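Here are a few notes to read alongside the model. Have the sequence and the 3D view open as you go.

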Amino acid sequence: MNRQSQAAVLFLLGAALLHAGTTDLYLRYVKAGLQPLLLASGVVLIVTALATAWYERRRTTHQQATHQQATHQQATQRQATQRQATQQQKGAGDVEGAEGVEDAETHTHSEPRVSWLLILPLLALILVAPPALGSYSATRTGTALQEPLAYPALAATNPLPLSVVDYAGRAVYDHGRTLTGREVQLTGFVALDHDGTPYLVRMALNCCAADAQPVKVGLTGDIPPVLQPDTWLTVTGAYTPRITHDPVNNGPIPFIKVTAAKPTATPRDPYDESWNN
């Protein structure tokens with residue numbers, strides 16, 4: 001791939017990053033806090049592409065001017081030789097001139113068109129928004145719940161909206177002390193264990209979707225009779241001391257006693273970033 005093609009691919013990649021960073025598309029790949037770095041990367045790639053194209057154009061113009069000058073000098077020298085040499089010498093001069101032209105032509109190479117297939121992943125990034133990780137990944141990965149560093153004071157609102165990660169951490173490691181007597185509200189997607197146990201799940205991020213891991217809360221109480229995996233629910237309920245262990249990694253999974261549950265739209269950011277924050 002020549003430099004012009006490289007510049008085109010760099011430009012498309014930078015444009016794809018800017019497109020993702022200025023829309024909600026980037027939230028399918030990285031956490032929201034990385035948006036400025038994503039935008040900066042896109043700008044750097046576009047500037048690099050423009051600089052590469054400008055440099056290549058200058059280099060090509062210089063090579064063409066040099067080639068034209070050399071051709072003119074060869075033609076002038078050949079004419080002088082033809083006026084002074086014999087017919088045999090003139091023939092040798094023609095052969096020599098032809099060899100010079102042939103040598104010049106050998107520096108021209110056609111680029112393989114297959115190299116342009118490199119832009120297909122970029123077009124896919126721009127045109128196709130991948131779905132967020134869901135129940136398939138959650139049921140095949142053990143819960144990633146970790147003990148919180150602290151338990152901030154909770155608001156006095158009722159019901160109290162909490163993230164799945166925050167509720168699970170308080171229920172397991174604080175033994176529900178800050179949750180007892182409170183009506184809480186959680187939002188997540190449904191995942192069903194191999195034995196049919198329903199979980200409310202959010203995928204927690206450290207950095208990007210590649211390291212996303214599930215945090216699960218079991219549902220008990222007044223739960224809907226039919227639950228479809230990957231359905232997003234907002235559940236209202238109360239803390240219960242019931243805890244089970246994840247069959248994948250034996251990690252703790254707390255439960256919430258549901259008093260109400262209703263379907264909800266997929267949130268703008270489907271991942272939970274409160275983990276390790």
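1. A term before we start: two strands count as paired if DSSP finds at least two bridges between them. Keep in mind, too, that this is a predicted model.

2. How far can you trust it? The protein chain has an average pLDDT of 80, and 79% of the residues score at least 70. Confidence is highest in strand S6 (residues 252–263), with a mean of 96, and lowest in helix H3 (residues 87–105), with a mean of 49. Go easy on residues 95–108: pLDDT stays under 50 there, and the model gives that stretch two contacts beyond four places in sequence.

3. Now have a look at strand S3 (residues 198–204). Seven of its seven residues are buried, so S3 is largely enclosed by the rest of the structure. Both of its faces are covered. On one side sit Pro198, Leu200, Arg202 and Ala204, and on the other Tyr199, Val201 and Met203, all of them buried.

4. Which strands pair with S3 in the antiparallel sense? One is S2 (residues 183–192), joined to S3 by four bridges. Another is S4 (residues 213–221), which runs antiparallel to S3 with six bridges between them. Leucine 200 is a handy residue to click on here: it is the bridge partner of valine 190, and leucine 200 also stands opposite valine 217 in S4.

5. The link from S2 to S3 deserves a glance as well. These two strands make a hairpin, with five residues between them. In the turn you'll find glycine 196, whose phi is positive, at about 90°.

6. S3 has a parallel pairing too. Its partner there is strand S7 (residues 271–272), and the pair is held over two bridges. Within it, alanine 204 has aspartate 272 of S7 as its bridge partner.

7. Over to helix H1. With 19 residues at 1.5 Å a residue, H1 should span 27 Å, and its end C-alpha atoms are indeed 27 Å apart, so the two agree. As for burial, Ser5, Ala7, Val9, Gly14, Ala16, Leu17, Ala20 and Gly21 are the ones in H1 that are buried.

8. Last stop, tyrosine 29. Where does it sit? Tyrosine 29 is in the loop that runs between helix H1 (3–21) and helix H2 (35–84). Its relative accessibility is 30%, which is why tyrosine 29 counts as partly exposed. Try finding alanine 212 as well: along the chain, tyrosine 29 and alanine 212 are 183 residues apart, yet a separation of 9.9 Å is what you get between their C-alpha atoms.

Conventions:
Residues numbered from 1 in each chain as written. Predicted model: local features only at pLDDT ≥ 70, side-chain atom pairs only at ≥ 80, totals over all residues. Heavy atoms only, no water. Buried < 20%, exposed > 50% of the residue type's maximum accessible area, 1.4 Å probe, protein only. Expected span 1.5 Å × (residues − 1). pLDDT = per-residue confidence, 0-100. Contact = heavy atoms within 4.5 Å.
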